[in-house]
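Reader: Could you walk me through the spot where the ligand sits? I'd like a close look at that one part, in plain bench talk.

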Amino acid sequence: MPSPLHGKKILLGVCGSIAAFKGCEFVRSLRKLGAEVTVVLTAGGERFVSSLTFSALSANKVYGGMFADEEERHRIPHISLSRDHDLILIAPATAQTIARLSMGMADDLLSAVVLAANIPVVVCPAMNTNMYNHPATQHNLQNLTGYGYTIVQPDSGKMACDEEGPGRLADWDDICLHLECLFTRQDLAGKRVLITAGPTEEPLDPVRFLSNNSSGKMGYALAQSALRRGAEVTLISGPTDLAVPCVDIFARVRTAAEMQNAVHAHFKNQDILIMVAAVSDFRPAHYAKHKLKKGIGELSLPLVANDDILLSLADHKDRPFMVGFAAESENHLQSGQDKLQRKNLDMIVVNDISNINTGFKSDTNAVTLLHRSGQQVSIPLTTKLDVSMAILDEIVEVLS
Ligand code: CTP
């Protein structure tokens, strides 16, 4: 499934902040997702990055002045720009532009476009910490929220002006998620979703561990899709190489016991639990403090069973909607059905790991969903992101 931004026409307003250079990367990222980008540079923005750079990167004309140039005499730029786009993103947005928008002024092209627009507006503030914290700026931002604009909160950290605190332009991943939410149905808004992902590792000695082939891709895809659909997401992940999505809470764990503790710690008040993690069923009975040396001939490795995390929550009185995953290499549906019942689940996602396209490290998957009611739904081979959307569709349908 392409990004919800695919085919969308985005107007990017770039203001006069040291973070204006990041606008170049935003143009590239948006185009990579299949969006068309038109840049409007404020007078301040033009001082930091030339319009030539933006026109080369966007493959589009860059706008700056209020009035049309010779070849576009028939167009009124602020009206046509506001009509021709699906969304306005202002990144970076300076205190000055935020104040202009708050007052409803239209004394430069960007503010006039915003005033004339009937499309979503996303504002990403970037400025000195004191300017950001000033009651005037905070009041202006509140006004913008009142107008229905989306504000992407700035990050905290070391600023170009050597001060530390809030005011740093948000990361692209965070901004992108806000944009994608605007073009995705928000049917999980207000829902809290707890997802586990990846393998666990059970250490044997300081250099060795027992683990499995799980990459975490399916669980991370579910987290990303739940975020896009408006959920508040907690992701508990075993060791993976994947970039962490912009979840509300992220917990990195290593062993099955750590994963169990984390799940128990975050379980309360969740609406949905999706246990995608491939939790190790066993761990070495003894952990050797020092590296085991060869030369001792045969070595046998006694193992003890880990708790079953889903089973430990099966009879909880305030349990959320509980979904398990069953990675099977034979008798898929029967094994899935057994686990659904044994673990008292509301739904189980059965996954054939014997096929290279549906296995652990693959970017694609094909699954069968077994509902508690006995209903069975097949999701044919597609990307893990698509599969995650289809799983969430099923959950939303049952919950509603
Ligand atoms: N699971 C769990 N705790 C464990 C093992 C598994 O909560 N200690 C969860 C998994 O996250 C998954 C579901 O149970 O959602 C099924 O996991 P799976 O490994 O397929 O099943 P097991 O119960 O471990 O059975 P088996 O390994 O015998 O197939």
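Author: **Around the ligand**

Let's start with lysine 343: an N or O atom in the side chain of this residue is 2.6 Å from an oxygen atom of the ligand. Keep in mind that this is a predicted model, so every distance here is computed from it. Lysine 339 has a similar story to tell, with an N or O atom of its side chain 2.7 Å from an oxygen atom of the ligand. Aspartate 307 comes in through its backbone instead: a polar backbone atom of that residue is 2.9 Å from a nitrogen atom of the ligand.

How much of the ligand does the protein cover? On its own the ligand has 560 Å² of accessible area, and the protein covers 79% of that. As for where this happens, the ligand sits in the largest pocket.

Now for the company it keeps. Two elements give two or more residues each to the shell around the ligand: helix α12 (309-313) and strand β16 (321-328). β16 gives the most, with four residues. In total, 14 residues surround the ligand. Met275, Ala277 and Phe325 are among the closest, and so are the two lysines we began with, Lys339 and Lys343. Sort the shell by character and you get eight nonpolar residues, five charged ones and one polar one.

While you have Lys339 on screen, take a look at serine 335, which is found in helix α13 (residues 332-342). Leaving out residues up to four places away in sequence, serine 335 touches Glu328 and Glu330. If you want a sense of scale, pick glycine 216: serine 335 and glycine 216 are 119 residues apart in sequence, and their C-alpha atoms are 22 Å apart in space.

Two backbone details are also worth a click. Asparagine 269 isn't a glycine, yet it has a positive phi of about 65°. You'll find asparagine 269 in the loop between α11 (256-266) and β13 (272-275). The other one is a cis peptide bond, joining alanine 91 and proline 92, with omega about 0°. Proline 92 lies in strand β3 (residues 87-93).

Note on methods. Residues are numbered from 1 along each chain as its sequence is written. This is a predicted model: local features need pLDDT of at least 70, side-chain atom pairs count only at pLDDT 80 or more; totals for chains, interfaces and linings use all residues. Side-chain values use heavy atoms; hydrogens and water are left out. A residue is near a molecule or strand if one of its heavy atoms lies within 4 Å of it. A polar contact is a pair of N or O atoms within 3.5 Å; within protein, one must be able to donate a hydrogen and the other to accept it, and residues adjacent in sequence count only if both atoms are side-chain atoms. Accessible areas come from the Shrake-Rupley method with a 1.4 Å probe; for residues, only the protein chains shown count as cover. On a 1 Å grid over the protein atoms alone, a cavity is a set of points where a 1.4 Å probe fits but cannot get out, and a pocket is an open set with protein on both sides within 12 Å along at least five of seven lines; lining residues have an atom within 4 Å of a point. A molecule sits in a cavity or pocket if more than half of its atoms lie within 2 Å of its grid points. Ala, Val, Leu, Ile, Met, Phe, Trp, Tyr, Cys and Pro count as nonpolar, Asp, Glu, Lys and Arg as charged, and the others, Gly among them, as polar. Contact means heavy atoms within 4.5 Å.
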